[in-house]
Amino acid sequence: MSNKDRSTADRSDAVERILSRQGTALAEGTTRWGEHDGDQTDLADRQALRRVSGLSTELEDVTEVEYRQLRLEKVVLAGVWTTGTATDAENSIRELAALAETAGSEVLDGVMQRRQSPDPGTYLGQGKADELRVIVEASGADTVVCDGELSPSQRRGLEDVVKVKVIDRTALILDIFAQHAKSKEGKAQVELAQYEYLLPRLRGWGESMSRQAGGQVGAGNGMGSRGPGETKIELDRRRIRSKMAKLRREIAAMKTSRVTMRDSRKRNAVPSVAIAGYTNAGKSSLLNRLTGAGVLVENALFATLDPTIRRASTPDGREFTLADTVGFVRSLPTQLVEAFRSTLEEVGNSDLLLHVVDGSHPDPEGQISAVRSVLAELKGDVPLEIVVINKIDAADPEVINRIVLREPRVIAVSARTGEGVDKLLDLIQDELPRPDVEIDVLVPYDRGDLVSKIHERGEVLNSEHVAEGTRITARVNSGLAHLLASYRTGTPVA
């Protein structure tokens, strides 16, 4: 075999290894549901609008326009390996492939270049950019997706070489968020992030310009050509800034209702638990397993964006709220962190954090670091953290043992099979803050509502039924203790 043939074979093997789904978030390609996941009607609605592989938008006969079908966008991936190991670089490209597939495209090929830093003009070096152009032409790709955030000049430079559309990792994630956002607040947050990304990347003067022009035909365009001195791109920027200011006001107004509900839970002393973690780690599946919420579950990155809050109870009967938050990813765009700051506040205002990790992922420690780096950007108090290793039914036991030895509070579960979930509830019960006021009351039988509140919000130590009512010894919060003051033992029952 010649050196050229050997080089081609080595490159083919490398690309096949990089783009394979083995060891990625989409390794199995299908989603597995359980009875606790409910009917999944939202998923059926989403899949009804998905594009189908192998079908084309191009019409061979214009008389059959009503029968045309959408086809998957064909993409080629491009990455620059600057730091870390080769395995880290390949995992990043695999994740980019999973993001591209989630966005509704077909990954055809990929290239990766080892450099100290991306090329300031074309992201890839000139030789690798030319190689990418050949791959695009040979595969018939529509788009090149780069594994990094491109500057406007890098994007234009690479597009001039490959002659097809070029987008970066940030634009790809924003596109997925735009597809999956469902609530009014989620859509507004995504739109704000898109505008923040678009503002510095407006390009082209366009045909419509209103610059000052000379009044003489020889020097300018003659009479009627004096514009206000503002170009079309400047007008666009001003409109975008006005729209961004309006969206920020709308998001701030939407925040009020969530703050009101949070304050209500605090007044009633209902403990709160937040679920956070890397995208596709199984947060929604765990929420469904613990509460039966029936939220959407899909084997895709960023399948659910809108926060979901449900009530659950500990084995001893204490109620608490469980909040599912948006997933994180490596190099999460700054625009998204800022736009979803109000949603991520659920983490900072909770009493306990369940940090869900995909135990079957090839780099779970990298996922943990990525999530913690995003939480650190929130500049708030991060609550007590429990690392929940999910998908142990598909994980390597050695990987699980490695994480268990590293983390102080950790538990391994499988949201799909239910293994370890009971132990997780026991751990939540032990770590949730306990009521600090001990009471001994005699509640008459016609005030069963108070007995119910004691069981819901407090920790019952002893309970017995006597002739005058229910005698209860319990620990409760100060507000409920004040409400029960007239029923304390030794006080005449009203």
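This report covers a β-α-β unit, two helices and two loop residues in a predicted model.

Residues are numbered from 1 along each chain as its sequence is written. In this predicted model, local features need pLDDT of at least 70, side-chain atom pairs count only at pLDDT 80 or more, and totals for chains, interfaces and linings use all residues; side-chain values use heavy atoms, leaving out hydrogens and water.

**Strand β3 and its partners**

Helices (H or I, at least four residues) and strands (E, at least two) are DSSP runs, numbered from the N terminus. Strand β3 spans residues 143-146 and is covered on both faces. Thr143 and Val145 are buried on one side, Val144 and Cys146 on the other. Buried means under 20% relative accessible area, exposed over 50%, and partly exposed in between (1.4 Å probe, protein chains only). In a regular strand the side chains alternate between the two faces of the sheet.

Two strands pair if DSSP finds at least two bridges between them. β3 pairs with β1 (residues 73-81) in the parallel sense, over four bridges. Val75 stands opposite Thr143 there. β3 also runs parallel to β4 (residues 165-168), again with four bridges. In that pairing, Thr143 stands opposite Lys165.

Helix α5 (residues 152-162) links into a right-handed β-α-β unit with β3 and β4. Right-handed means that, with the strands pointing away from the viewer, the path from the first strand over the helix to the second runs clockwise.

**Helices α4 and α12**

The expected span of a helix is 1.5 Å times one less than its number of residues. Both helices agree with it.

| Helix | Residues | Expected span | End C-alpha distance |
|---|---|---|---|
| α4 | 14 | 20 Å | 20 Å |
| α12 | 14 | 20 Å | 21 Å |

In α4, Ala129, Leu132, Ile135 and Val136 are buried. Seen down the axis of α4, they fall within an arc of 115°, so they line one face of the helix. The arc is that of the directions from the helix axis to the C-beta atoms. Gly127, Glu137 and Ala138 are exposed on the other side of α4. Gly140 follows α4 and has a positive phi, near 75°.

Buried residues of α12 include Ile368, Val371, Val374 and Leu375.

**Two loop residues with positive phi**

Most residues other than glycine have a negative phi. Tyr123 has a positive phi of about 70°. Tyr123 sits in the loop between β2 (105-114) and α4 (126-139). Its relative accessibility is 4%, so Tyr123 counts as buried.

Lys391 also has a positive phi, about 65°. Lys391 lies in the loop between β9 (384-390) and α13 (397-406). At 22% relative accessibility, Lys391 counts as partly exposed.
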